[in-house]
Amino acid sequence: MHKKTILVTGSNGLLGQKIINQLKNRKDIKLIATSKGENRRIEKDFNYESLDITSQTEVEEILVKYKPDSVINTAAMTNVDACEDDKENCWKINVDAVEYLLKACKKHNSHFVHLSTDFVFDGEDGPYKETDVPNPLSYYAKSKLASEELILESNYENIAIARTIIVFGNGDNLSRGNLVLWAKGALEKQSPINVVDDQFRAPTLAEDLASGCIAITEKNATGIYHLSGPETMSILEIVERIGKFYKLSTDCVTPIKTATLNQTAARPPRTGFIIDKARKDLKYNPKNLEESLEYLDNQI
Ligand SMILES: NC(=O)c1ccc[n+]([C@@H]2O[C@H](COP(=O)([O-])OP(=O)(O)OC[C@H]3O[C@@H](n4cnc5c(N)ncnc54)[C@H](OP(=O)(O)O)[C@@H]3O)[C@@H](O)[C@H]2O)c1
């Protein structure tokens with residue numbers, strides 16, 4: 001049996017960890033997990049190589065070594081405000097490194113799957129379909145759109161872009177938290193929190209996104225795919241529904257407006273995705289928020 005070789009970048013990150021979980025025991029797949037520095041997973045029962053995607057030499061060497069059938073690039077600088085403050089590093093990780101990966105994939109005819117974001121849109125009229133016109137507001141969003149453009153305009157057709165929105169879930173030693181875990185923690189402790197009621201998103205269970213990315217590689221799908229949760233709601237509604245699900249009071253929650261936060265980077269007001277293309281082509285069938293919370297509970 002020909003084993004398909006799949007190389008995943010950013011395997012210490014939230015999405016990376018879920019892709020590894022879903023692939024590591026598959027007999028038909030040879031998996032190479034890579035991330036910057038040490039493998040931070042608790043169970044190290046998979047093949048791991050350290051790979052800093054901003055090193056063109058490292059990228060080229062690892063592609064020569066494994067000649068993967070597919071590469072899934074989940075590695076990125078994902079903190080939106082940090083990207084605004086450190087534009088140079090943001091561009092190196094989110095754009096230049098993508099070019100190195102793309103070039104190396106082209107050389108070995110590897111299918112290249114790259115992750116992007118709802119933030120490529122300005123949020124004036126979400127939910128969005130794949131063919132809608134981007135208009136990024138922040139430096140992070142600009143860098144992600146630039147990475148999409150360099151892939152789409154490269155004359156290499158063995159590529160796919162998976163855009164997603166507010167990804168949540170549990171993981172080992174993650175370098176950043178996520179909205180759902182943060183809100184659940186605050187409601188459990190009844191810590192006072194301010195939550196915006198004027199940003200609308202489609203929260204996405206990390207496992208669902210991982211399944212969608214894997215379906216893209218297995219079908220060798222090409223082009224842009226929107227992979228988010230099925231429902232768009234305000235951040236306040238997300239927190240309220242978490243409270244309702246866990247029977248926790250939301251009296252500690254103060255609804256606020258985005259403008260009062262004075263965040264470094266601008267956020268699009270209303271995103272959300274139309275996911276019909278992924279449902280049809282990839283059989284992508286994401287869970288709603290309550291189903292996702294139930295899934296998370298069963299994990300613990
Ligand atoms: N999370 C969201 O809400 C969201 C929304 C829209 C789009 N996305 C996109 O989805 C993708 C996956 O996001 P995620 O939630 O899994 O993010 P994440 O948890 O921040 O994971 C990203 C991983 O990339 C690693 N990384 C950073 N620089 C690297 C480098 N130079 N070489 C190799 N690895 C490097 C990070 O390492 P360290 O852990 O060591 O820092 C981190 O583990 C990203 O492309 C992101 O832009 C995410």
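**The ligand shell and the elements around it**

An oxygen atom of the ligand lies 3.0 Å from a polar backbone atom of leucine 14. This contact belongs to a predicted model, and it offers a convenient point of entry to the ligand site. Two further backbone contacts can be placed beside it. Isoleucine 53 brings a backbone N or O atom to 3.0 Å from a nitrogen atom of the ligand, and alanine 76 has a backbone N or O atom 3.4 Å from an oxygen atom of the ligand. The ligand taken alone exposes 890 Å², and the protein buries 88% of that area.

The shell that provides this cover may be considered next. The ligand is surrounded by 25 residues, of which Arg40, Asp52, Thr78, Tyr140 and Lys144 are the closest. By class, the shell comprises 11 nonpolar, nine polar and five charged residues. Which elements give two or more residues to the shell around the ligand? They are α1, spanning residues 14-23, β5, spanning 111-117, and α5, spanning 139-152. Among the elements, β5 gives the most, with three residues.

From the ligand, the description can follow α1 to its packing against another helix. Helix α7, formed by residues 206-218, packs with α1 at an angle of about 65°, and the two axes are 9 Å apart. The crossing of these helices is right-handed. On the α1 side, the residues that meet α7 are Leu14, Leu15, Lys18, Ile19, Gln22 and Leu23. Their counterparts in α7 are Ala206, Glu207, Leu209, Ala210, Ser211, Cys213 and Ile214. Nine nonpolar, two polar and two charged residues make up this contact. Leucine 14 thus appears in two settings: a polar backbone atom of leucine 14 lies 3.0 Å from a ligand oxygen, and Leu14 is also one of the α1 residues that meet α7.

Two details of backbone geometry, both in loops, complete the account. The first concerns proline 127, which is found in the loop between β5 and α5, two elements that also contribute to the ligand shell. A cis peptide bond joins glycine 126 to proline 127, with omega about 0°. The second concerns isoleucine 166, placed in the loop between β6, residues 159-164, and β7, residues 167-168. Phi of isoleucine 166 is near 20°, a positive value in a residue other than glycine.

Conventions. Residues numbered from 1 in each chain as written. Predicted model: local features only at pLDDT ≥ 70, side-chain atom pairs only at ≥ 80, totals over all residues. Heavy atoms only, no water. Near = heavy atom within 4 Å. Polar contact = N/O pair within 3.5 Å; in protein donor to acceptor, adjacent residues only side chain to side chain. Areas by Shrake-Rupley, 256 points an atom, 1.4 Å probe, with all protein chains shown as cover. Helix = DSSP H or I, 4+ residues; strand = E, 2+ residues; numbered from the N terminus. Nonpolar A, V, L, I, M, F, W, Y, C, P; charged D, E, K, R; others polar. Axes fitted to C-alpha atoms, helices over the stretch in contact; angles between N-to-C directions. Left-handed = near helix turned anticlockwise from the far one by under 90°. Contact = heavy atoms within 4.5 Å.
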